[in-house]
Amino acid sequence: MNVPLPESATERPLLEVRGLAMHFPVSEGIVLTRKIGDVKAVDGVDFDIKRGETLGLVGESGCGKTTTGRCILRLERPTAGEILFDGQDVNRMERRDLVVLRRRMQVIFQDPYSSLNPRMKVGDIISEPIKVHGVEPDARRRRDKVRDLLSVCGLDPKFADRYPHEMSGGQRQRVGIARALALDPEFIVCDEAVSALDVSIQAQVVNLLEDLRERFGLTYLFIAHDLSVVRHLCQRVAVMYLGRIVEMADSDELFDNPLHPYTQALLSAVPIPDPRVEAGREFRPTPGEVPSPINPPSGCVFHPRCPMAVEGCRQARPVLRELRPRHWVACSEVN
Amino acid sequence: MPPLLEVRALHTEFRTGAGLVRAVDGISYTVEHGETVAIVGESGSGKSVGALSILRLIPDPPGRITGGEILFDGKDLRGLSEAEMREIRGRDIGMVFQEPMTSLNPVLTIARQITETLEQHQGADRETAERRALELLEMVGIADPKRRLKQYPHQLSGGMRQRVMIAVALACNPKLIIADEPTTALDVTIQAQILELMKSLTRKLGVAQIIITHNLGVVARYASRVNVMYAGRIVEAGSAEAIYHNPRHPYTMALLKSVPRLDQPRRARLDPVDGQPPDLTRLDGGCSFRPRCRFAVEQCAKARPPLAAVAEPGHLSACFRSAELSDIRDVAA
């Protein structure tokens, strides 16, 4: 089992993403198809994740956060860029390396209803990766492992004999988490892992994810649109808009001092569950909608909706700059 | 003036393979003219079924309204014929649902979605209806409304479709709008736009609103009064101020504690509501929150606590220990 390593500045990050781009071709016509453009789902994204860290990746639908996660898992082959996992480029891996990678890197999906095979018993769902990877050939020991995993995830080991439809959404999500843990991974991509759950159950699963991180020294990429959950769970947060990271900082710094106008717009749009706080907040919704990623705006992609935009924002694409220690912003107008 | 809507002891049941489900199990509340009331609860709490029951939109079978009165503007909606009910829906009571893609007709133009309502309910001729449709689209903030009128729902973004839904709901100057999770499918910046739009329009036009949601933040920002539902019943009701700052039902207290807040730094751990959501086919005669409740006592298994007044007027809680709870909460904090 992995032991959490001491934090040090010189240590190489577990995951390094460099210049990641994922463009999906768009074509027209049925018989004579021709390419008419690209959906620039991810368009030049850089970040690192240290061992034991949880990085939150937030943004609205279509911002490219899920595609980024899928590229890291090598469920997509990116158009450009590098993804280094423990120093190795995920994209250049051959089959044999990939088998090892799949054991070290796992995923928890959003929907606990569609991500579990309805015809399999919970025990078989969890033991399948163990079987496929030949980690534990002995059937009895595999069963013991499944029971362990269930109880680690807060479920009664007896649930191994049940089918997914006999369980509630929260319980199913725990099964999905147990399956992700079955191969003792180091890194887990949580793609909207708690978004489909009811409020009262969501908190249980958030706590479980935190406990597991501490217990097994896990590293998470936590992809979510719910900013309150992200603030609670993540040490560092990257905000994406139309395929790019617009701001990245330590969690409390980002939420207390958002610098990018898009981050500010996003944060002010989230209502706080307290009528006294809400009564005191000045609030003007950001106009407009997210433009199409097929033909994104020139320069800074946020400029058509931005209250601070000047002429220069239409021309040059702003780069991420470290405006405060560990606080990166892609906006030419903030200093 | 009597309230615009008065729901009294409403019961709605579903006969399912797993047994009888009392989805709405005796709820009573009122909505005053021009006021915004939130109904908040988790999946299966009965919040949507309760609202659909008002409009008598419960599919029968398997569902059935088995008891209670729905007094709207002086009429008992349960006593109306289906034809009379159709007159009420869309004219006196507008509806906004969660998924604008499925609640708009995909083969009708945006213009037709709106003019149909106007012709049906107000006997407007085509030309008048089309003029009004254009006005309505402008009112709900759709840019380039002339072009949009000729388009179909799939050509619009989710936010714009929800604006069209609001335009349809407001078309006949209703007295009440029932909005069932109106922004749940939308991104947060678009959610904020839509909620602000609904707030300003309902204020300007004096329309009352019932907002059904699971989002405690939306409730805090937009509702003046709140009904909290759990397992088919209202467990607590009161002003937003009372519900958030002086909750007197253990479920409300637990729910508020369990949500992480954007305006607060990381806490060590969240404080979740323990246990699993209730199985509605297996409720007994006691309080249905009892298995998850930190304050449960023997009495809670024997009888269902009635919704009764606590400290301030208009603040109700269905808990035998509601009077003690403010002290217990202070100790716990």
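This briefing describes the contact between chain A and chain B and one sheet of chain A. The model is predicted, so that local features need pLDDT of at least 70 and side-chain atom pairs count only at pLDDT 80 or more, while totals for chains, interfaces and linings use all residues. Residues are numbered from 1 along each chain as its sequence is written, and side-chain values use heavy atoms, with hydrogens and water left out.

**Interface of chain A and chain B**

- The contact (heavy atoms within 4.5 Å) takes 46 residues from chain A and 45 residues from chain B.
- Between them the two chains bury about 4,100 Å², 55% of it on carbon and sulfur atoms, where buried area is the accessible area (1.4 Å probe) that two parts lose on being put together, summed over both.
- Four salt bridges are counted between chain A and chain B, each being a side-chain nitrogen of Lys or Arg within 4 Å of a carboxyl oxygen of Asp or Glu.
- Arg269(B) forms a salt bridge with Asp211(A), and their closest N and O atoms are 2.5 Å apart.

**Sheet of chain A**

- Eight strands (DSSP runs of E, at least two residues, numbered from the N terminus) form an open sheet of mixed pairing in the order E6-E7-E8-E3-E9-E10-E12-E11 in chain A, where two strands pair if DSSP finds at least two bridges between them.
- The edge strands, each pairing on one side only, are E6 (105-108) and E11 (321-324) of chain A.
- E11(A) is joined by three bridges to strand E12 (residues 327-329) of chain A, and the two run antiparallel; the bridge partner of Glu322(A) in E12(A) is Trp328(A).

Note on methods:
Chains are lettered from A and ligands numbered from 1 in the order in which they are written. Helices (H or I, at least four residues) and strands (E, at least two) are DSSP runs, numbered from the N terminus.
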